[in-house]
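Visitor: Pick one part of this model and give me a close look at it, cut-offs included. I'd like to hear how it fits in with its surroundings.

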Amino acid sequence: MVVLVVATASDPASIGPAAAFLAMPGWSPGPPIPEGMESFTNGDVRLLKHERSIIAEDDLDNRWQAATGEAVSEVIFLSKHTAVSNRPALTVHPIGVPHLREDETPPQGGRPGWAALPNPRIGPWLRLMQKIAVDQGLVPEFEITLEATHHGPVTNTPTMFVEIDN
């Protein structure tokens, strides 16, 4: 099984961390994906880069398995965070829109009344982000938070978003 890390090229907060991953040793080009996405491999991690909105990528884990034959154990989306407060933030959160009724349209992807299984790395990543933020002098300017779930996409494996807002 593989861990799927997903970045979108149109989002600097997504592609920046993806570029940092790819600058580390051990990465090689991954299998071609018929949907026009680039993939890279390093051990059991697959980094997937594409041009579309992440929240519209429903069933990406199933699509990866269909294209490559590799089952996905977890999905991590790298994304920009947008806050009403305009305060810079580093956030992690599960995905889904369980608060919406079936007759409502999710404004940011997902399926009404649904939530993905949360990725078990949410807690460790939150604690790591808190430590790094303190060590790098980002606190108190940056808020380090665990957000409530509030958007898609739909997935079938444990999933989380890691978001940067600056």
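Guide: Let's start at Glu-143, which is partly exposed at a relative accessible area of 32%. In this scheme buried means under 20% relative accessible area, exposed means over 50% and partly exposed is in between, using a 1.4 Å probe and protein chains only. Bear in mind that this is a predicted model, where local features need pLDDT of at least 70, side-chain atom pairs count only at pLDDT 80 or more, and totals for chains, interfaces and linings use all residues. Residues are numbered from 1 along each chain as its sequence is written, and side-chain values use heavy atoms, with hydrogens and water left out.

What does Glu-143 hold on to? Its partner is Arg-87: the two form a salt bridge, with the closest N and O atoms 3.5 Å apart. Arg-87 sits in the loop between β5 and β6 while Glu-143 belongs to strand β7, so this pair ties together parts that are 56 residues apart in sequence. Like Glu-143, Arg-87 is partly exposed, with a relative accessible area of 32%. The rule here asks for a side-chain nitrogen of Lys or Arg within 4 Å of a carboxyl oxygen of Asp or Glu, and it gives 7 salt bridges. Strands (E, at least two residues) and helices (H or I, at least four) are DSSP runs, numbered from the N terminus.

Now to the sheet around that contact point. β7 (143–146) is one of the edge strands, the other being β2 (28–29), and each of them pairs on one side only. The full order of this open sheet of 8 strands is β2-β3-β4-β1-β5-β8-β6-β7, with mixed pairing. Two strands count as paired if DSSP finds at least two bridges between them. In general, strands of a sheet pair through backbone hydrogen bonds, either parallel or antiparallel.

Next door to β7 is β6 (residues 89–93), and this is the strand I'd zoom in on. Which sense does β6 take with each neighbour? With β7 the pairing is parallel, over 4 bridges, whereas with β8 it is antiparallel, over 5 bridges. On the β7 side, Val-92 stands opposite Leu-146. On the β8 side, Leu-90 faces Ile-164, and Ala-89 has Asp-165 as its bridge partner.

Is β6 mostly covered or mostly open? Mostly covered: 5 of its 5 residues are buried. Go face by face and you get Ala-89, Thr-91 and His-93 on one side, with Leu-90 and Val-92 on the other, all of them buried. Helix α3 (residues 122–135) lies across β5, β6, β7 and β8, at about 170° to β6. Contact here means heavy atoms within 4.5 Å; axes are lines fitted to C-alpha atoms, for helices over the stretch in contact, and angles run from 0 to 180 degrees between N-to-C directions.

Just before α3 comes another charged link. Arg-121 and Glu-74 meet through their side chains in a salt bridge, at 2.6 Å from N to O. Since Arg-121 is in the loop between β6 and α3 and Glu-74 is in strand β5, the pair ties together parts that are 47 residues apart in sequence. The two ends aren't covered alike: Arg-121 is partly exposed at 36%, while Glu-74 is buried at 8% relative accessibility.

Move along to β5 and β8 and you meet the aromatic part of the picture. The structure holds 1 aromatic pair. That pair is Phe-77 with Phe-161, stacked at 4.9 Å centre to centre with 25° between the planes. Phe-77 is in β5 (residues 72–80) and Phe-161 in β8 (residues 159–165), 84 residues apart, so to speak a link between distant parts of the chain. Both Phe side-chain owners are buried. For the cut-offs, rings of Phe, Tyr and Trp (its six-membered ring) pair if their centres lie within 6.5 Å; planes under 30 degrees apart are stacked, over 60 edge-to-face, and the rest tilted.

One last salt bridge for contrast. Arg-52 and Glu-57 form one, with the closest N and O atoms 2.8 Å apart. Glu-57 is buried, at a relative accessible area of 2%, whereas Arg-52 is partly exposed at 36%.
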